[in-house]
Every structure is written in C-alpha cells, then in structure tokens.
Amino acid sequence: MPNAFWCVVEDDRAGRPKKVMAEVLGEATRLGGPAEAVWFTDKATDEGLKQLGEWGASKVWLLENAAFAPYRSGVWVGAAAALVEQQSPRAIFAPVTSRQREFMARLAARLGVGLAADSVAFSKDGDRLVATRPVYAGKLLSKVTWAKSPWVATLRPNVFRPADAQPGRAAQVERPSVKIPDAAMKFVERREEVSTGLPELTEAEIVLSGGRGMKGPENYVILEQMGAVIGAAVGASRAAVDAGWRPHRFQIGQTGRTISPKLYMGFGVSGAIQHLAGMRTSKVIVAVNKDPEAPIFKIADYGIVADLFEVVPELTKEFKRLLDK
Ligand SMILES: Cc1cc2nc3c(=O)[nH]c(=O)nc-3n(C[C@H](O)[C@H](O)[C@H](O)COP(=O)(O)OP(=O)(O)OC[C@H]3O[C@@H](n4cnc5c(N)ncnc54)[C@H](O)[C@@H]3O)c2cc1C
C-alpha cells in the first residue's frame, strides 16, 4: 500500500523472523503505519508469517526465492528498489544487524534518499519524521529528518518497545513479481558457526562482557558458565578480540556490535570510549574491575572493585541458588 511503513525482516535463516522484528513493527505501528513486512528469504515458514501478523504487520511482501539466500546486497537491493518503485512506501525500517546495515545503506543510496542509521527514537514534526541517533561514539544525540521519502532508517535493537503480540491476527501475504538481478558475487562456501547455546549478542537481555582482564581465551568459560545460568550472551572488548581470545563477532563497541541489553556486566573491561559507544545505552550497567579508577565506574550503576576471578564464581553460585539451578 502506498505510504506504508515497511519493515525489512531479519530472520534466523531458517524461516522465522527474529524477535527484534517485534520492536521494528511495534515502532512502525506507533508512528501511524500501516506497518508492512518485506521479507527476502529462500524459505519462509507458516509460523514465521503468522508471527509477523501477530506483531502488527498488515501485509507481508514475501520475496521468496533461492536467489535471496545467502544474502548478497546487490540482489536484495535491486529487487527492493524495484518494489519501492511499484509500491511507494513512506518509510523503510530495519533492525541494526550486520547485513541490514549494509543493505539499508545501499538501498538508500540506490533510491537517492537519506539514511538515519542506528536510530534510538522517532518523533513526528507535522508531516515529517524525525529520527534521533547517536553521534561521536554515543557522546551526543543528533536529530535528523529526510529531504524526501521514503524515510530509510535502521533501528537499534532492545531500544524500542516491542509490539504486543495479538494472537490470531493474520497478515495478508503478497508475493510480488519483481525482476531479481543477477548476483555480482558468486557463492563459494557456507560455514555454519558452532552455536554456543547462549543467546545472540545483539538480541540478549543480559550481556556479560570480558576484557583484557580475563587474561586469556581459556578463562571465558567462567563467563559462559554464568551465561548458561542466567541466559546471558558473552561478548568481549576489542583488546580481547585483537589478542585473538574471541572472534570479532563478539566484539562490543564502536568497531564491533552495538548492544542495549537490560543488564550489561563488564569483567576486566576498563571502559574506553570506543567500548562505551557500543553499550552505553544498556539499561543497567555493572562493572567488576580491580582498579577503582577504571573509567567504566563513571557510567556503571553498580561497581565491584575486586578480582573478577573471585567475583565470577561467587556470582554464578549465587545466581544458581536464587534461580534454583
Ligand atoms: C578507532 C578505534 C576503535 C576502537 N573500537 C573498539 C571497540 O569497538 N570496542 C572496544 O572494546 N574497544 C575499541 N577500541 C579500543 C579501546 O580504545 C580500548 O583499547 C579497549 O576497549 C580496551 O579493552 P579492555 O578494556 O579490555 O582493556 P584494558 O583497557 O587493558 O583494560 C583491562 C582492565 O581489566 C582490569 N583488570 C585486569 N585484571 C583484572 C582482574 N583480575 N579482575 C578485575 N579487573 C581486572 C584492569 O584494571 C583494566 O581496567 C578502539 C580503539 C580505536 C582507536
């Protein structure tokens, strides 16, 4: 429908939208909608389509084709731009994830419109949409608006209130015909990452972050054990990643992932500005550091000046007791 708020679906690569889509659809609906999902996938599931409807999508533009997986920006952008031309949405939203970051920037460039990346709030100014987004590594918030539509924006996860699921509410599913561009890149090999069994960093409600103070890769197991008890993801500072202790996908900060969990706990992390850029919007921040002068204590809600190798086992034991595990 013309003037709709489109929400590009981030999925689990197995046919189900990720829960961050409840936040994106919820915000699109609050801004006046109608909220419509646009889903590039090689395999949608009925369960996934149902979920999008229950989160508020009035329509799902289902672009289901083997060419859409694995993700290649040129293929998605070409198909999306053709659909935008046919349907004239007012806004196009997507959650901040690695591929949506790239896709949305390229789509905005193709459409010749602005992109509000990493938005943390929206408001209306008459007929215009105004986005609030962090700048200078999160030290300032800037408000931006668009010279023309569609208004393209990525939304930071865990910031916007998720839509209340409306059981039984169904979205109309539309399978548009658009020309799918040839891929400029050839698919060579897919390697599945071994799952840690813990929640994903950007989606987790609790994140445990280990810095240089962890002293070595072998010690992250104590954070993983605590994570398993309280359902937390385990991330790292760049110092730990640069040392080869954790893969880059676990890095939190300006040149890593941006997270906004309900609870962030930093262990042996000093709190450099570039690390704060990726986690300062966490709702509650706990820091464990043996240096009382560590900068992270300036933004922490709770601080423990102690050796993390004493604190982590104690906390894990206490969480187990409290949670009866
Ligand atoms: C362009 C640029 C981009 C960057 N991007 C990022 C980014 O995305 N993410 C990021 O994290 N950094 C980034 N950095 C690096 C950043 O400046 C810091 O160097 C880095 O965050 C430091 O990591 P750290 O806190 O783990 O290490 P350190 O600063 O070395 O801090 C280690 C802390 O551990 C404490 N400690 C040591 N042993 C213990 C113990 N047993 N118990 C408790 N505490 C202990 C120490 O007191 C210290 O405070 C970037 C830098 C640049 C220049």
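Let's start at the ligand: 26 residues surround it, and R212, S237, T255, S270 and Q274 are the closest. A residue counts as near the ligand when one of its heavy atoms lies within 4 Å of it. This is a predicted model, where local features need pLDDT of at least 70 and side-chain atom pairs count only at pLDDT 80 or more, while totals for chains, interfaces and linings use all residues. Residues are numbered from 1 along each chain as its sequence is written, and side-chain values use heavy atoms, with hydrogens and water left out.

**Around the ligand**

By class, the shell splits into 7 nonpolar, 13 polar and 6 charged residues. Here Ala, Val, Leu, Ile, Met, Phe, Trp, Tyr, Cys and Pro count as nonpolar, Asp, Glu, Lys and Arg as charged, and the others, Gly among them, as polar. Helices α6 (238-242), α7 (273-276) and α9 (308-323) each supply at least two residues of that shell. Helices (H or I, at least four residues) and strands (E, at least two) are DSSP runs, numbered from the N terminus.

Some polar contacts to the ligand are listed here; such a contact is a pair of N or O atoms within 3.5 Å.

| Residue | Protein atom | Ligand atom | Distance |
|---|---|---|---|
| K215 | polar side-chain atom | nitrogen | 2.9 Å |
| Q254 | backbone N or O | oxygen | 3.0 Å |
| H275 | side-chain N or O | oxygen | 2.8 Å |

Taken alone, the ligand exposes 990 Å², and the protein buries 76% of that. Those areas come from the Shrake-Rupley method with a 1.4 Å probe.

**The two pockets**

Which pocket does the ligand take up? The ligand occupies the second largest pocket, going by the rule that more than half of its atoms lie within 2 Å of the grid points. A pocket is an open set of points on a 1 Å grid over the protein atoms alone, where a 1.4 Å probe fits and there is protein on both sides within 12 Å along at least five of seven lines; lining residues have an atom within 4 Å of a point.

The second largest pocket has a volume of about 480 Å³, a volume being the space filled by probe spheres set on the points. Of its 29 lining residues, R212, S237, G268, V269 and S270 are the closest to its centre. Two or more lining residues come from each of α6, α7, β14 (284-289) and α9. The lining has 10 nonpolar, 13 polar and 6 charged residues.

The largest pocket, meanwhile, has a volume of about 1,600 Å³. It is lined by 44 residues, and R13, K18, R190, E193 and E200 are the closest to its centre. β2 (35-41), α4 (98-111) and β12 (233-236) each give two or more residues to this lining, and α4 has the largest share with 3 residues. By class, that lining divides into 15 nonpolar, 8 polar and 21 charged residues.

**Backbone oddities**

Most residues other than glycine have a negative phi, and most peptide bonds are trans. R13, though not a glycine, has a positive phi of about 65°, and R13 sits in the loop between β1 (5-8) and α1 (20-30). A cis peptide bond joins A69 and P70, with omega about -5°; P70 is in the loop between β3 (59-64) and α3 (73-87). Another cis peptide bond joins S149 and P150, with omega about 5°, and P150 lies in the loop between β8 (140-145) and β9 (151-155).

Note on methods. Polar contact = N/O pair within 3.5 Å; in protein donor to acceptor, adjacent residues only side chain to side chain.
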